[in-house]
Amino acid sequence: MYRADILLKAWKQVKANKGTGGIEEIYIEDVLKYGEMKFLKEIHQELVENSYNPKPVERVYIPKKDGKKRPLGIPIIKDRIIQTATKIVIEPIFEADFKDSSFGFRPKRNQHQALEVIRKKCSNKGWWVLDADIKGYFDNINHDKLMILVEQRILDRRILKLIRKWLKVGVVGNNEYRESEIGSPQGSSISPLLSNIYLNYLDLVWDKYYKHLGTLVRFADDFIIISKTKKEIYHEYNAVKKIFERLELELHPDKIRFVNMWDGIEGFDFLGFHHRRSLVESGKGQRFNTTIQVLTQKAMKSMRDKIRKVLNNRATLKMDMYDLVQTVNKKVVGLKNYYNLKYVGNQLNKIDWYIIQKFTIWYNNKKQRKTRHRGLREVMNILNEMGLKKLSS
């Protein structure tokens, strides 16, 4: 783990992800000035001599889509490098055990693969869906039980000691230190892997004893189960509760739903899409029922917020319009890569129109015109000439 090439690869990943400096307030730029190789050599020496001790993580809060705030724990840069190096080395070991039902934060697996499994299963007699949430997952991971799961695959005591240190390192927020007796802070490089190791117990038990009841689809701590009958769904619910009791986790009582997909009246939200059966027409005029996946209202709002954050910023009035178009294009390409599925064309058209409206307001502000939406067609023509990309195909 402390080999020079592993540490260098870890540093490159940390540098690419940017981010803040944690409680030490040493940033990426500071490391570059100090000397990357010198910094990595010092880390290497600490690890070889077993003198490395992590610092507490900095508690910050980011807004969630539902208006609440998600707590994150930001390690210092040195800790992020060592965590990333550890992840590089041990992740392939655990990947050998991880099940196909898990799609989140894993190499060569992503949301689109999970969405495709859901579409196929719900279209192929998947009439019922258990839609549930884990209550405060990251705050309630039991350290001892997590370490038992880690120790099933890792024997190196130095690595195990490091992981325990990261779990127990504590949190600093509002100038106060708090010990970590339970949970794994979101924001650390190693946290997604530890999260998957803990919930892999659910995947393993499900695959061994309960897969005849339905198909489990899990993305990090979000999951659904797809079944043919209502009876199977209730058996699944009881099975999941028993598994979570072993993990000392519980389902959120207000977010448990048994969704009937049969008649298209009900649907469920997962990974930014609303899933519902609907009557559609093929290119040849044939009509048939299938599961369609359209954008949730939260996803639509999130897309507008991301666009508004760029175009409502008064600092952009100093920018050349062409440069601003290139900035927005990067956002559009990222959103399109994720959201551009088969049945979302009309919704993406609305976002495209929203972008044009926001650009028109920006253009009139730049020209110091009082009318906000004046010259809409003129702006559209300018944007087309400058190569503004569209979300809708």
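Q: In what order do the three strands of the open sheet with antiparallel pairing stand?
A: The model is a predicted one. Its open sheet of three strands pairs in the antiparallel sense. β9 (268–270) and β11 (287–295) stand at the edges, each with a single partner strand, so each has one side without a neighbour in the sheet. From one strand to the next the twist averages 45 degrees. The order is β9-β10-β11.

Q: Over how many bridges do strand β10 and β11 pair?
A: Strand β10 covers residues 273–281 and pairs with β11 in the antiparallel sense. Within the pairing, Leu-279 stands opposite Asn-289 in β11. The number of bridges between β10 and β11 is nine.

Q: Why is strand β7 largely enclosed by the rest of the structure?
A: Strand β7 spans residues 222–227. A residue counts as buried when its relative accessible area is under 20%. The strand is largely enclosed because the number of its six residues that are buried is five.

Q: Which residue in β7 stands opposite Asp-131?
A: β3 and β7 run antiparallel and are joined by six bridges. Opposite Asp-131, the residue in β7 is Ile-224.

Q: Which residue in the turn of the β6 and β7 hairpin has a positive phi?
A: Strand β6 (residues 215–219) runs antiparallel to β7, and five bridges join them. Leu-216 stands opposite Ile-225 in β7. The hairpin has two residues between its strands, and the one with a positive phi, about 55 degrees, is Ala-220.

Q: Is Gln-347 buried or exposed?
A: Gln-347 is found in helix α12 (residues 345–366). Leaving aside its neighbours within four places in sequence, Gln-347 is in contact with Val-294, Leu-295 and Met-300. Its relative accessibility is 16%, so Gln-347 counts as buried.

Q: Which residue has its backbone nitrogen 2.9 Å from a polar atom of the side chain of Gln-347?
A: Val-294, Leu-295 and Met-300 are in contact with Gln-347 once neighbours within four places in sequence are left aside. The backbone nitrogen that lies 2.9 Å from a polar atom of the Gln-347 side chain belongs to Leu-295.

Q: Which side chain is joined to that of Asn-142 by a polar contact of 3.3 Å?
A: Asn-142 lies in the loop between β3 (128–133) and α6 (143–151). This residue is buried, with a relative accessible area of 15%. Leaving aside neighbours within four places in sequence, its contacts are Ile-182, Tyr-198 and Glu-248. The polar contact of 3.3 Å joins Asn-142 to the side chain of Glu-248.

Q: How many residues apart are Lys-55 and Glu-24?
A: The side chains of Lys-55 and Glu-24 meet in a salt bridge, N to O 2.9 Å. This pair links distant parts of the chain, with Lys-55 in the loop between α3 (36–48) and β1 (57–63) and Glu-24 in the loop between α1 (4–17) and α2 (28–34). Lys-55 is partly exposed at 35% relative accessible area, and Glu-24 counts as partly exposed at 33%. Their separation in the chain is 31 residues.

Q: Which helix holds both Arg-119 and Glu-116?
A: Arg-119 forms a salt bridge with Glu-116, the closest N and O atoms being 2.7 Å apart. Arg-119 is partly exposed, with a relative accessible area of 28%. The two residues are three apart, about one turn of the helix, and both lie in α5.

Definitions and conventions: Residues are numbered from 1 along each chain as its sequence is written. This is a predicted model: local features need pLDDT of at least 70, side-chain atom pairs count only at pLDDT 80 or more; totals for chains, interfaces and linings use all residues. Side-chain values use heavy atoms; hydrogens and water are left out. Helices (H or I, at least four residues) and strands (E, at least two) are DSSP runs, numbered from the N terminus. Buried means under 20% relative accessible area, exposed over 50%, partly exposed in between (1.4 Å probe, protein chains only). A polar contact is a pair of N or O atoms within 3.5 Å; within protein, one must be able to donate a hydrogen and the other to accept it, and residues adjacent in sequence count only if both atoms are side-chain atoms. Contact means heavy atoms within 4.5 Å. Two strands pair if DSSP finds at least two bridges between them. Axes are lines fitted to C-alpha atoms, for helices over the stretch in contact, and angles run from 0 to 180 degrees between N-to-C directions. A salt bridge is a side-chain nitrogen of Lys or Arg within 4 Å of a carboxyl oxygen of Asp or Glu.
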